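Here is a short report on one chain. Look over the sequence and the model, then read on.

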Amino acid sequence: MSHHALHPPVGSDASRNPAPIRDPRAKVFGIGLGRTGTTTLGESLRRLGFRHLGWAGGDGGLRRDLGLLALIDEPAFTGVLNRFDSADDYPLPLMYRRLAT
């Protein structure tokens, strides 16, 4: 099998317009701690078309408040995560078991 069968060449139509996620309920969570590539992961997911919530996302403080929200209001926390296809950084590394359900 050629390399191109798995990954389209950079600059091809397939690499510029990735296929959408088949299951709209699917989420991608980066659960690495700080300094483990979460910024790179987030940028990559954004380039692939994911609505991504990350520490460096310029989200107007939403990321800063997410940790507190997770502790005091789980339905509101879930509501925030439901607005995104992917998320990384704190508090997600501390909550990976809950996110897997």
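Which residues make up the largest nonpolar core?

## Nonpolar core

This is a predicted model. Its largest nonpolar core has 11 residues in all: Leu-53, Leu-66, Ala-70, Phe-77, Val-80, Leu-81, Phe-84, Ala-87, Leu-92, Met-95 and Leu-99. Helix H4 (62-72) and helix H5 (74-82) are the elements that give two or more residues to this core. H5 supplies the largest share, 3 residues.

## Sheet and covering helix

The open sheet has 3 strands, in the order E1-E3-E2, with parallel pairing. Strand E1 (28-30) and strand E2 (52-53) are at the edges. Each has a single partner strand, so one side of each lacks a neighbour in the sheet.

E1 and strand E3 (residues 86-88) run parallel and are joined by 3 bridges. Phe-29 has Ala-87 in E3 as its bridge partner. Ala-87 also belongs to the nonpolar core. Helix H3 (residues 38-47) lies across E1, E2 and E3, at about 165° to E3.

## Salt bridges

There are 3 salt bridges. Within helix H3, Arg-47 pairs with Glu-43 at 3.1 Å, N to O. The two are 4 residues apart, which means a separation of about one helical turn. Arg-47 is exposed at 68% relative accessible area, while Glu-43 is partly exposed at 36%.

Arg-51 pairs with Asp-85, with the closest N and O atoms 2.8 Å apart. Arg-51 sits in the loop between H3 and E2, and Asp-85 in the loop between H5 and E3, so the pair ties together parts 34 residues apart in sequence. Asp-85 is buried at 13% relative accessibility; Arg-51 is partly exposed at 47%.

Arg-98 meets Glu-74 at 3.1 Å, N to O. This pair links helix H6 (residues 96-99) to helix H5, 24 residues apart.

Conventions:
Residues are numbered from 1 along each chain as its sequence is written. This is a predicted model: local features need pLDDT of at least 70, side-chain atom pairs count only at pLDDT 80 or more; totals for chains, interfaces and linings use all residues. Side-chain values use heavy atoms; hydrogens and water are left out. A nonpolar core is a set of buried Ala, Val, Leu, Ile, Met, Phe, Trp, Tyr and Cys residues joined through side-chain atoms within 4.5 Å. Buried means under 20% relative accessible area, exposed over 50%, partly exposed in between (1.4 Å probe, protein chains only). Two strands pair if DSSP finds at least two bridges between them. Contact means heavy atoms within 4.5 Å. Axes are lines fitted to C-alpha atoms, for helices over the stretch in contact, and angles run from 0 to 180 degrees between N-to-C directions. A salt bridge is a side-chain nitrogen of Lys or Arg within 4 Å of a carboxyl oxygen of Asp or Glu.
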